[in-house]
Amino acid sequence: MANSFYNQYSKKSKTAKELWDTLKSVYQMEQASLKEFLVSNYMDFKMTDDRPIFVQIHQFQLIANYTSVADMVLDENLHG
């Protein structure tokens with residue numbers, strides 16, 4: 001664990017379990033925010049005529065890859 005995280009959260013925790021639970025909660029909130037951000041990017045993606053198609057395809061592939069890395073499975077209804 002990075003010293004900055006330890007210093008930030010260890011002062012608030014009296015036991016190792018409290019520290020673990022706090023860090024777990026922070027991590028879970030970050031993961032939920034990340035997934036919300038990825039779904040938003042996926043849903044808001046639109047092809048436009050003002051940019052090269054290869055750039056846009058690359059951008060969409062990045063969104064899809066990040067979604068895959070986050071172990072997210074998007075419902076088929078979202079692809080419609």
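Q: Helices are DSSP runs (H or I) of at least four residues, numbered from the N terminus; where, in those terms, is D71 found?
A: In this predicted model, D71 is found in the segment that comes after α3. The elements of the protein chain run α-α-α from the N terminus on, and its secondary structure comes to three helices and zero strands.

Q: Does D71 count as buried or exposed, and what makes it so?
A: The relative accessibility of D71 is 68%, and the cut-off for exposed is over 50%; D71 therefore counts as exposed. As for its backbone, D71 has a positive phi of about 55°, although D71 is not a glycine.

Q: Why does S13 count as buried or exposed?
A: S13 has a relative accessibility of 14%, and buried means under 20%, so S13 counts as buried. S13 is found in the loop between α1 and α2, and, leaving aside residues up to four places away in sequence, it touches E18, L19 and T22.

Q: What does L34 count as, and how do you know?
A: L34 lies in helix α2, and its relative accessibility is 36%. Since buried requires a value under 20% and exposed a value over 50%, with partly exposed in between, L34 counts as partly exposed because of that 36%. L34 and T67 are 33 residues apart in sequence, and their C-alpha atoms are 9.5 Å apart in space.

Q: Which residues of α2 are buried?
A: In α2, L19, L23, V26, L38 and Y42 are buried. Across the protein chain, buried residues make up 19% of the 80 residues.

Q: How do you know what span helix α2 reaches, set against the span expected at 1.5 Å a residue?
A: Helix α2 takes in residues 16-44, which is 29 residues, and the expected span is 1.5 Å times one less than the number of residues. From its first C-alpha to its last, α2 reaches 42 Å, close to the 42 Å expected.

Q: Why is α2 described as roughly parallel or roughly antiparallel to α3?
A: The two helices, α2 and α3, pack at an angle of about 150°, with their axes 10 Å apart. Angles over 145 degrees count as roughly antiparallel, and therefore α2 is roughly antiparallel to α3. On the side of α2 the contact is made by L38, N41 and Y42, and on the side of α3 by F60, I63, Y66 and T67. The crossing of α2 and α3 is left-handed.

Q: Which elements of the protein chain have the lowest and the highest mean pLDDT?
A: Helix α1 (residues 3-10) has the lowest mean pLDDT, 72, and helix α3 (residues 53-69) the highest, 90. The protein chain averages a pLDDT of 83, and 88% of the residues score at least 70. Where pLDDT is low, predicted coordinates should not be read in detail.

Methods: Residues are numbered from 1 along each chain as its sequence is written. This is a predicted model: local features need pLDDT of at least 70, side-chain atom pairs count only at pLDDT 80 or more; totals for chains, interfaces and linings use all residues. Side-chain values use heavy atoms; hydrogens and water are left out. Buried means under 20% relative accessible area, exposed over 50%, partly exposed in between (1.4 Å probe, protein chains only). pLDDT is the predictor's confidence in each residue, from 0 to 100. Axes are lines fitted to C-alpha atoms, for helices over the stretch in contact, and angles run from 0 to 180 degrees between N-to-C directions. Angles under 35 degrees count as roughly parallel, over 145 as roughly antiparallel, 65 to 115 as roughly perpendicular and the rest as oblique. A crossing is left-handed if the near helix is turned anticlockwise from the far one by less than a right angle, and right-handed if clockwise. Contact means heavy atoms within 4.5 Å.
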